[in-house]
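Let's take a walk through a protein fold and see which parts sit together on the inside. Keep the sequence and the 3D view open while you read.

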Amino acid sequence: MTYRVAVSGASGYAGGEVLRLLTTHPEVEIGAVTAHSSAGQQLGAVQPHLLSLAERTVEDTTAEVLADHDVVFLALPHGASGEVAAQLSDDVVVIDAAADHRLESTAAWERFYGSEHQGTWPYGLPELPGQRHVLRHATRIAVPGCYPTTVLLGLTPAFAAGFVEPEDVVIVAATGTSGAGKSLKPHLLGSEVMGSMSPYGVGGVHRHTPEIEQGLSWAAGSPVQVSFTPTLAPMPRGILATSTARLRPGVREGDLRETYTAQYADEPFVHLLPAGQWPATQQVAGSNHVTMQLAVDERAGRVIVCSASDNLTKGTAGGAVQSMNLALGVEETLGLGQLGVAP
């Protein structure tokens, strides 16, 4: 069976990445490509790397254009997805790559996003315990943020096993500039970024903070609080997250390694590296894979988990396509066979 798929926000980085992956999907026919800001242009003018789709005309993002598709990807700015999704049939699989439907807490949404909460959809991170069952045949899916994807995969096994304390979690993560989207911003100019790193969203104000806490709380079965500091790295794509948590008494590195190995042994896209080998963003560039390594700082009584992902692929579009596959009941890995590119 072939599924007809529409992609809105097709002129942005996330929408372009969804389209790149869908071009290799054997059971997908790409239907409408839409973007309000570039409607009427050829797709090749705004996404020149999508050569096989270059002559497609970008249409305006309306419910009428998006209707009559089996799947609709919404790669729209935060706050715009809810209105569009509400106009689509319940039979259409709608996958939201923005933040609108990720959070369960209305208070957290209003505090960090400053607008009306649009409700909560199933969370599109299949590797979380029990989440595949939730996503199979779902018709509304919220794609996780790129930082939460990388951090949650890195820390969930430790919390699910009860190995770490919930109130002393510190995360420092670096991302490439594509994480800020395609809009022109002075601090993202090449002359500002090249050869330089800088923090942003410091002091617990980054919008992914409540999403990370939500996911870790699911794993722990009780509230988890994190201190999260993102940094901007001079690269176009990729995330390297260093996540640390205080160990409970008696937990050894061997316990952690055994648990992580068991958790991810059958996962096609998540890889605990051999002891002594550490993740790097280049390992996973352009792929739906996540690599990670862990160590125990015995003096400080903490576990350190370093995890790497591509923020545009596994962190957004790849996770979206993986979730689509589950929702449609097809092989989960379809369209996601790309490996990392090196050097």
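Before we start, one term: a nonpolar core is a set of buried Ala, Val, Leu, Ile, Met, Phe, Trp, Tyr and Cys residues joined through side-chain atoms within 4.5 Å. Also keep in mind that what you're looking at is a predicted model.

**The cores**

With that in hand, have a look at the largest nonpolar core, which has 37 residues. The residues with the most contacts inside this core are F159, V164, V169, L216, V226, L256 and Y260. Several helices and strands chip in with two or more residues, among them α7 (146–160), β6 (164–175), β8 (226–232) and α10 (253–264). Which element gives the largest share of this core? That's α7, with eight residues.

To get a feel for one member, click on L256. Setting aside its neighbours within four places in sequence, L256 is in contact with A158, F163, L247, V251, L294, V296 and V303. There's also a second, separate core, this one of 36 residues, and it includes A317, A320, V321 and L334.

**Rings that meet**

Now for the aromatic side chains. How many aromatic pairs does the structure hold? The count is four, and here are two of them:

| Pair | Centre distance | Angle between planes | Kind |
|---|---|---|---|
| Y147 and F228 | 5.0 Å | 75° | edge-to-face |
| Y260 and Y264 | 6.4 Å | 65° | edge-to-face |

Why do these count as edge-to-face? The label goes to pairs whose planes are over 60 degrees apart, so Y147 and F228 qualify with planes at 75°, and Y260 and Y264 qualify with planes at 65°.

The two pairs sit in the chain in their own ways. Y147 lies in helix α7 and F228 in strand β8, so this pair ties together parts that are 81 residues apart in sequence. Y260 and Y264, on the other hand, both lie in helix α10, four residues apart, or about one turn of the helix.

Are these rings buried or exposed? Buried means under 20% relative accessible area. Y147 has 1%, so it's buried, and F228 is buried with 1% as well. In helix α10, Y260 is buried at 1%, and Y264 counts as buried at 6%.

One more ring is worth a click: R140 lies over the face of W121, at 6.0 Å from the ring centre.

**A closer look at β8**

F228 brings us to its strand. β8 is mostly covered, with five of its seven residues buried. Here's a handy rule for looking at strands: in a regular strand the side chains alternate between the two faces of the sheet.

What does β8 pair with? β6 and β8 pair in the parallel sense over seven bridges, and I171 stands opposite F228. Strand β7 (residues 198–199) is joined to β8 by two bridges, and these strands run antiparallel. There, P199 has T231 of β8 as its bridge partner.

**One last stop: V46**

Finally, go to helix α2 (residues 43–46), where you'll find V46. At 17% relative accessibility, V46 counts as buried, because the cut-off is under 20%. What does V46 touch, not counting residues up to four places away in sequence? The answer is S11, S38, Q41 and K182. You can also check V46 against G16: they're 30 residues apart in sequence and 9.1 Å apart in space, C-alpha to C-alpha.

Note on methods
Residues are numbered from 1 along each chain as its sequence is written. This is a predicted model: local features need pLDDT of at least 70, side-chain atom pairs count only at pLDDT 80 or more; totals for chains, interfaces and linings use all residues. Side-chain values use heavy atoms; hydrogens and water are left out. Buried means under 20% relative accessible area, exposed over 50%, partly exposed in between (1.4 Å probe, protein chains only). Contact means heavy atoms within 4.5 Å. Rings of Phe, Tyr and Trp (its six-membered ring) pair if their centres lie within 6.5 Å; planes under 30 degrees apart count as stacked, over 60 as edge-to-face and the rest as tilted. A charge sits over a ring if NZ of Lys or CZ of Arg is within 6 Å of the ring centre and within 35 degrees of the ring normal. Two strands pair if DSSP finds at least two bridges between them.
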